[in-house]
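Biologist: Before we begin, please set out your answers with the reasoning first and the requested name or value last.

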Amino acid sequence: MNICPEHLRIEHIYKSYPFQSGAQKRLAILEDISLEVADGEFVSLIGPSGCGKSTLFNLVSGLEEPDRGNMFLKGREITGERGHVGYMMQKDLLLPWRNVLDNCILAMEIQQIPRKKATLSALAMLEEMGLAEYAHHYPGQLSGGMRQRVSFVRTMLAGREILLLDEPFGALDAFTKSEMHEWLAGSFSKYRPTVLFITHDIEEALLLSDRIYVLSARPSKIKQQIKVEERLPRSREVLTQEKFIAFKKILLKELFSK
Ligand code: ADP
Ligand code: MG
């Protein structure tokens, strides 16, 4: 029987890679990572570059296997299995030869959902997310922010039970990023998807998350956990509140201390 309220549970995950030199020794990346994400919760992972955040996503998505440890989705073990998560990778590119609509139905096409049905749900989601007028545009005709929105819709349309979003705003300028936060927070508050989100931006994590895990440098462990109780969606003004300034201090300290 499923007795855990968590949607996703990661238990004691270890991951290492062989050294490039081909030596017998291995480089430890993740060391005893345990975390959980509740149904409808938005959880961020923040940590120094190269600490193993993307590696963790590759493990959760089943693209790679951990050395040790287990992962559960709704109480069922999924360690090493693919097909359970909607994964938006760090360099998640839209196919330039497909228009927005055809990019959005890609995952459904792979799942062999009939084209008509896939098209209807993609158009409905594009409409909901304020992108209907771009359905027949090609990625090359869109701004960076718009392409990113389409990538989100594509990931959401994969119909998975949890979304893994790997630094989706990393390459955007500050203004576009801010617009994206507003757009994302607004649309997610309608859908309440369960999200695990990687960022290196402290303010972004504080604006979007219910909870934040701070990872240490490699070999990565969980150093700290912060629960941000302020209701979502939040506007940037919350960042000037005392509570948020205090959170920012804690996160900065954790990120830059050994
Ligand atoms: P982050 O996303 O936190 O910046 P990554 O998970 O991409 O970090 O990488 C963590 C470490 O693992 C890096 O040192 C990287 O070079 C190494 N690494 C990642 N993937 C592989 C791989 N397939 N083989 C060997 N080393 C890898
Ligand atoms: Mg990464």
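Biologist: Which residues of helix 4 are buried?

Modeller: This is a predicted model in which local features need pLDDT of at least 70, side-chain atom pairs count only at pLDDT 80 or more, and totals for chains, interfaces and linings use all residues. Residues are numbered from 1 along each chain as its sequence is written, chains are lettered from A and ligands numbered from 1 in the order in which they are written, and side-chain values use heavy atoms, with hydrogens and water left out. Helices (H or I, at least four residues) and strands (E, at least two) are DSSP runs numbered from the N terminus, and buried means under 20% relative accessible area, exposed over 50% and partly exposed in between, for a 1.4 Å probe and protein chains only. On that basis the buried residues of helix 4 are A118, T119, A122, M125 and L126.

Biologist: How wide an arc do these buried residues cover around the axis of helix 4?

Modeller: The arc is that of the directions from the helix axis to the C-beta atoms. The buried residues lie on the same side of helix 4 because they cover an arc of only 135°.

Biologist: Which residues are exposed on the other side of helix 4, and against which elements do the buried ones pack?

Modeller: K116, K117, L120 and E127 are exposed on the other side of helix 4. Contact means heavy atoms within 4.5 Å. The buried residues of helix 4 pack against helix 2 (100-104), helix 3 (106-110), helix 5 and helix 6.

Biologist: What distance separates the end C-alpha atoms of helix 8?

Modeller: Helix 8 (residues 242-256) has 15 residues. The expected span of a helix is 1.5 Å times one less than its number of residues. For helix 8 that span should be 21 Å, and it agrees with the distance between its end C-alpha atoms, 21 Å.

Biologist: Which residues of helix 8 are buried, and which are exposed on the other side?

Modeller: The buried residues are F244, F247, L251, E254 and L255. They lie on the same side of helix 8, because their arc around the axis is only 95°. Their packing partners are strand 3 (42-46), helix 7 (202-208), strand 9 (211-215) and strand 10 (222-227). The exposed residues on the other side of helix 8 are E242, K249, K253 and F256.

Biologist: How many aromatic pairs are found, and why is the pair of F152 and F188 edge-to-face?

Modeller: Rings of Phe, Tyr and Trp (its six-membered ring) pair if their centres lie within 6.5 Å; planes under 30 degrees apart count as stacked, over 60 as edge-to-face and the rest as tilted. A search of the whole structure finds 8 aromatic pairs. The ring centres of F152 and F188 are 6.3 Å apart, and the pair is edge-to-face because the planes stand at 85°.

Biologist: How many residues apart are F152 and F188, and are they buried or exposed?

Modeller: F152 belongs to helix 5 (residues 144-157) and F188 to helix 6 (residues 174-191), so the pair links distant parts of the chain, 36 residues apart. F152 and F188 are buried.

Biologist: Which rings have the charged ends of R9 and R68 over them?

Modeller: A charge sits over a ring if NZ of Lys or CZ of Arg is within 6 Å of the ring centre and within 35 degrees of the ring normal. The charged end of R9 is 4.7 Å from the centre of the ring of F72. The charged end of R68 is 4.0 Å from the centre of the ring of Y14.

Biologist: Which protein donors does the magnesium ion have?

Modeller: Donors are N, O and S atoms within 2.8 Å of the metal (3.2 Å for Na, K and Ca), and water is not among the atoms, so sites may look incomplete. The protein donors of the magnesium ion (ligand 2) lie 2.1 to 2.6 Å from it and are S54 (OG) and Q90 (OE1).Biologist: Where do S54 and Q90 lie?

Modeller: S54 lies in helix 1 (residues 53-60), and Q90 lies in the loop between strand 6 (85-88) and helix 2. The pair therefore ties together parts that are 36 residues apart in sequence.

Biologist: Which peptide bond is cis, with omega near -5°?

Modeller: Most peptide bonds are trans. P233 is found in the loop between strand 10 and helix 8. The cis bond with omega near -5° runs from L232 to P233.
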